[in-house]
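Biologist: Please take a close look at one part of this model: the surroundings of its ligands. I would like the residues, the elements they come from and the chemical classes.

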Amino acid sequence: MTQRLYPAAMCLLAAALAVRVVNARTEGRAAPISSVVTQAAAQAGAPAQAAEYVGSDTCTTCHSDKEQSLKGTPHSQAANPRTPAATHGCESCHGPGKAHVDDDAKGHINKFGQMKPAAISETCLSCHNRGVHAGWENSKHAQRDLTCTTCHSVHSPKSAARQLVKPTETALCQTCHRLQVTKTERAVAHMPVREGKLSCSSCHNPHGSITNVKALKTGNSVAELCETCHAEMRGPTLFEHAPVRENCATCHDPHGSSNDRMLVVRMPMLCQRCHVASSHPSSVYDNNAITVKKSNRMFGRSCMNCHQMIHGSNHPSGQFFMR
Ligand code: HEC
Ligand code: HEC
Ligand code: HEC
Ligand code: HEC
Ligand code: HEC
Ligand code: HEC
Ligand code: HEC
Ligand code: HEC
Ligand code: HEC
Ligand code: HEC
């Protein structure tokens, strides 16, 4: 690598620079961020020692390519006081670097490729612990040892936005969730997903959810999530259909299916999973009633020919969901 070829003189210069920058940086700048980062560094195997910052200018004497890669990204916007650029620069993430600069072996620095997932998350969470990230620690992704850098790259992102390690969000999720992504390509998908108008993160927060199941990003239940867009399904209605209030996913696959309206099974079997032996036969009549007389429960919209208001009815005589 090119930095190995730097003459020793450069190192001396850097060391001299370092001393100067430390003095400038340590003046009343003990941000809570630094203590968390130091902890992370300790977990990563760096020996405990006085943490001293040298400043990004020193780092870039040897790692100018890394400075270049941050240009234009949100992390380099010094105008925002919460960014690394406005705090400890490279060292906001890599930890205090004096020992690294002094070390001939070039250890003593947060090397993300060698850190434990939890230590990486802790480093990033020192700034990203609010809002959409508040649920990270209890998320399935955290429990299964994913970390921020599984999905994001700070220096060489592949996506146009959000610094993802893949060109698109779908491609990212697909590396582990092939089934769900494949469903969005089926005959009846949540149409706009395929067209790119809805994405996985329209419904999910990949950083976990505090209030809902399955990392759903809004509401307290599946139904509440769906109703943020399908407001017309929002209850309560005069006559409720129990499964609708309970979980829309009992009948619809939110990712897509091969059946009309993304139903999990075809009509009338969908209804017959629950309505097996009611007084009004839930069956489609018997034998030749199906084949010869063409049961009214099989053609067109099947049971829905009559029970149109399947999501609930506000009509005074809507108890059978027919109006
Ligand atoms: C005097 C030159 C020099 C300075 C100054 C310097 N580094 Fe390094 N750094 C190196 C060398 C040499 C390596 C080993 C390079 C390699 O193995 O690719 C290295 C390795 C690293 C690595 C690990 C790279 C890997 O592939 O695992 C990181 C991260 C790093 N430096 C960050 C920093 C930061 C942050 C600063 C400022 C605090 C800094 N460096 C200052 C020379 C320097
Ligand atoms: C916002 C956090 C953050 C900041 C700020 C940051 N880095 Fe990094 N750095 C990372 C992460 C994460 C990686 C792992 C690779 C990646 O995600 O792109 C990394 C990787 C590296 C590597 C290892 C080479 C590699 O490709 O794995 C070096 C060297 C490095 N950074 C140096 C720097 C220098 C120098 C600066 C300042 C100019 C800097 N970094 C600023 C987070 C950061
Ligand atoms: C010193 C604080 C700080 C640290 C440490 C930090 N970030 Fe950030 N990051 C910010 C700020 C500030 C923004 C700008 C957006 C905002 O205000 O939330 C940002 C933005 C981002 C974005 C959004 C990029 C975009 O294009 O919208 C991603 C992704 C991100 N950071 C990932 C990381 C990862 C991964 C790490 C750990 C390797 C990390 N950050 C560490 C402060 C930080
Ligand atoms: C499973 C993949 C995945 C993991 C793991 C992950 N992210 Fe993200 N992150 C995403 C996706 C996808 C987006 C874009 C979502 C969106 O636009 O709503 C995003 C968005 C962000 C943003 C921008 C948020 C905003 O609304 O401005 C930040 C900052 C961020 N992630 C930081 C982190 C940090 C810090 C971690 C680790 C604690 C992390 N991410 C872990 C996939 C992931
Ligand atoms: C590196 C692999 C990986 C990537 C990439 C990934 N996931 Fe996951 N995801 C997992 C694992 C592992 C689980 C836990 C599965 C389990 O325990 O059954 C999980 C679980 C989930 C769950 C269920 C959460 C719960 O609480 O039950 C959702 C939703 C999810 N991921 C969405 C996403 C989305 C959206 C993306 C893309 C932004 C994504 N994942 C990217 C590995 C990944
Ligand atoms: C319209 C909203 C919506 C969209 C868009 C969406 N999901 Fe989901 N997803 C859900 C709901 C609701 C559940 C819970 C289903 C249930 O309870 O049976 C879920 C469950 C999951 C699970 C957990 C499955 C399990 O059995 O635990 C994963 C993984 C997942 N989604 C990944 C994805 C991925 C990847 C994408 C993008 C291709 C995506 N989702 C897009 C609403 C959505
Ligand atoms: C982010 C907004 C959004 C969320 C959340 C959402 N949807 Fe949708 N949904 C849409 C849009 C947009 C359409 C397309 C409407 C159209 O074509 O008229 C649609 C269409 C549908 C359709 C009709 C498909 C067809 O073939 O006509 C069903 C069924 C559906 N959604 C069920 C659900 C369920 C169940 C949930 C919760 C798991 C949900 N939606 C959550 C936006 C959303
Ligand atoms: C008992 C099964 C069942 C449950 C539970 C259910 N639906 Fe439906 N849904 C259907 C059937 C059947 C259709 C097809 C109606 C038709 O053919 O006109 C449908 C159609 C739809 C449509 C397409 C537009 C329309 O009016 O035809 C949307 C959107 C929708 N459902 C959303 C939801 C939402 C949101 C929930 C949860 C609040 C939900 N569904 C719960 C059975 C169900
Ligand atoms: C997950 C189970 C489930 C599914 C699937 C289901 N239902 Fe229901 N349905 C119920 C329950 C529970 C009730 C309330 C029964 C009661 O109050 O005695 C009900 C009530 C009804 C009623 C009103 C009956 C009454 O006695 O008040 C009608 C009509 C009905 N369902 C039709 C349908 C149709 C048509 C479908 C298919 C689109 C369907 N159901 C799918 C569970 C289900
Ligand atoms: C031709 C119109 C029609 C079709 C098609 C139809 N129903 Fe009904 N259904 C009714 C009427 C009318 C009632 C009112 C009570 C009665 O007459 O027994 C009813 C009542 C019900 C009830 C509640 C009363 C009870 O006896 O439990 C359920 C549950 C039900 N239907 C389910 C279904 C299912 C499931 C299908 C599809 C296999 C279906 N219906 C198809 C007309 C229809």
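Modeller: A residue counts as near a ligand if its C-beta atom, placed from the backbone, lies within 6 Å of that ligand. With that cut-off, 16 residues surround ligand 9. Ala 242, Pro 243, Cys 271, Cys 274 and Cys 303 come nearest. Two elements give two or more residues each to this shell: helix H14 (242–246) and helix H15 (269–272). By class, the shell around ligand 9 holds 10 nonpolar, 5 polar and 1 charged residues. Cysteine is counted as nonpolar here.

Keep in mind that this is a predicted model. The mean pLDDT of the protein chain is 82. A value of 70 or more is reached by 76% of its residues. Confidence varies by element. Helix H9 (residues 148–151) has the highest mean pLDDT, 98, and helix H1 (residues 8–25) the lowest, 41. Over residues 1–49, pLDDT stays under 50. The model still has 63 contacts beyond four places in sequence for that stretch.

Now ligand 2. Its shell has 21 residues. The nearest are His 63, Lys 66, Cys 90, Cys 93 and His 155. Helix H3 (56–62), helix H4 (64–70) and helix H5 (90–94) each give two or more residues to the shell around ligand 2. H5 gives the most, with 4 residues. The class count for ligand 2 is 7 nonpolar, 12 polar and 2 charged residues.

Next, ligand 6. Here 19 residues form the surroundings. Cys 173, Gln 180, Cys 200, Cys 203 and Pro 254 are the closest. At least two residues each come from helix H10 (169–174), helix H11 (178–183) and helix H12 (200–203). H12 supplies the largest share of the shell around ligand 6, with 3 residues. By class, this shell has 10 nonpolar, 8 polar and 1 charged residues.

Last, the chain that carries these shells. The protein chain has 16 helices and 2 strands. Of its 323 residues, 23% are buried. Among contacts with a separation of 6 or more, 55% join residues 24 or more positions apart.

To recap the nearest residues: the ligand 9 list includes Cys 271, Cys 274 and Cys 303. The ligand 2 list includes Cys 90 and Cys 93, along with His 63 and His 155. The ligand 6 list includes Cys 173, Cys 200 and Cys 203.

Definitions and conventions: Residues are numbered from 1 along each chain as its sequence is written. Chains are lettered from A and ligands numbered from 1 in the order in which they are written. This is a predicted model: local features need pLDDT of at least 70, side-chain atom pairs count only at pLDDT 80 or more; totals for chains, interfaces and linings use all residues. pLDDT is the predictor's confidence in each residue, from 0 to 100. Two residues are in contact if their C-beta atoms, placed from the backbone, lie within 7 Å. A residue is buried if 20 or more other C-beta atoms lie within 10 Å of its own, exposed if 12 or fewer, and partly exposed in between; C-beta atoms are placed from the backbone.
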